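Reader: I keep meeting terms whose cut-offs I don't know. Could you take me through some of them, setting each value against its definition?

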Amino acid sequence: MQEELIRELLEAAKKIALTAGQHIESRKNEDIGVTKKSNTGSIASEIVTEVDIEVQEMIEKALLPLCQKYDLAFLGEETADNASRFEKEYFWSVDPIDGTLHFTEQIAGYSTSIALVRKDGIPVIGVINDSYNNRLYSAALGLGAFCNDKPIRCQDEGQKGGSSLRCYFDRSTQKGPPYEKLTTGIKALSSRLGYEKAEFPFGGGAALNACWALDNS
């Protein structure tokens, strides 16, 4: 895929994610219907709201012209996989509200996630809208990563002294048997890497956990 096309699709995905976020924020204080979609043992992955469905429909409708124009497939979190992603060279992968549990609790930790993925699994475009905090993360293959259109830069090796290594987990991780062993190993690693300490804040959905880790990199 040529850079010009990547830039066009990236800008489109950013606009769509922002529009989705506006809808989410307009509904978050309402009495919203919640249903259970699976039985995984984790409430965070089991629940879905009517807003999840509304937002996915909005995003799919907005992406449809691009799918038709450039022969792209669509894969959404809240609908069945039609397997078109195995037939096209690229497909959109969408989670309308990643961190639905946080959304129902009206706390930070949910976001809208839109990605363009190559058939072999290589991500080409990624957009995550943290509408609660008005932060739009975006990245594209070969073009860098940004937050609200400002480049995200990792700190240099020499800047680690006195700082913390922060590892973000969802809440269910703390309840699992490997948690103590995992955190002990990370603390040892952080010391070897020159960090003053390791911290383990419990964040939100997987997409925002990655973004928050990047914010503190």
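Author: Gladly! Let's start with aspartate 149, which sits in the loop between E8 and E9. The model is predicted, so local features need pLDDT of at least 70 and side-chain atom pairs count only at pLDDT 80 or more, while totals for chains, interfaces and linings use all residues. Residues are numbered from 1 along each chain as its sequence is written, and side-chain values use heavy atoms, with hydrogens and water left out.

Reader: What makes something a strand or a helix here?

Author: Both are DSSP runs, numbered from the N terminus: a helix is H or I with at least four residues, a strand is E with at least two. Strand E8 covers 144-147 and strand E9 covers 150-151, with asparagine 148 also in the loop between them.

Reader: Why is aspartate 149 called exposed?

Author: Exposed means over 50% relative accessible area, buried means under 20%, and partly exposed is in between (1.4 Å probe, protein chains only). Aspartate 149 has 53%, so it counts as exposed. Asparagine 148 has 38%, so partly exposed is the label for that residue.

Reader: What do the phi values of these two residues look like?

Author: Asparagine 148 has a positive phi of about 50° although it is not a glycine. Aspartate 149, not a glycine either, has a positive phi of about 70°.

Reader: How do you know that lysine 28 is buried?

Author: Its relative accessible area is 18%, so lysine 28 falls on the buried side of the cut-off. Lysine 28 lies in the loop between H1 and strand E1 (34-36). Leaving out residues up to four places away in sequence, lysine 28 is in contact (heavy atoms within 4.5 Å) with Phe103, Gln106, Tyr110 and Tyr132.

Reader: Why is H1 called roughly antiparallel to H3?

Author: Axes are lines fitted to C-alpha atoms, for helices over the stretch in contact, and angles run from 0 to 180 degrees between N-to-C directions. Helix H1 (residues 3-27) and helix H3 (residues 50-70) have axes that come within 10 Å and cross at roughly 160°. Angles under 35 degrees count as roughly parallel, over 145 as roughly antiparallel, 65 to 115 as roughly perpendicular and the rest as oblique. The H1 and H3 pair therefore counts as roughly antiparallel.

Reader: Which residues of H1 and H3 meet?

Author: Among them are Leu5, Ala12 and Ile16 in H1, and Val51, Met58 and Leu66 in H3. The contact has 14 nonpolar, two polar and five charged residues. Here Ala, Val, Leu, Ile, Met, Phe, Trp, Tyr, Cys and Pro count as nonpolar, Asp, Glu, Lys and Arg as charged, and the others, Gly among them, as polar.

Reader: What makes alanine 12 buried?

Author: The relative accessible area of alanine 12 is 18%, so buried is the right word. Alanine 12 and leucine 66 are 54 residues apart in sequence, yet their C-alpha atoms are 8.9 Å apart in space.

Reader: How do you know that cysteine 147 is not in a disulfide?

Author: A disulfide is a pair of cysteine sulfur atoms within 2.5 Å. The closest cysteine sulfur to that of cysteine 147 belongs to cysteine 211, 7.8 Å away, so the pair is too far apart for a bond. The count by this rule is zero disulfides.

Reader: Are cysteine 147 and cysteine 67 buried or exposed?

Author: Cysteine 147 has 9% relative accessibility, so it counts as buried. Cysteine 67, at 10%, counts as buried too.
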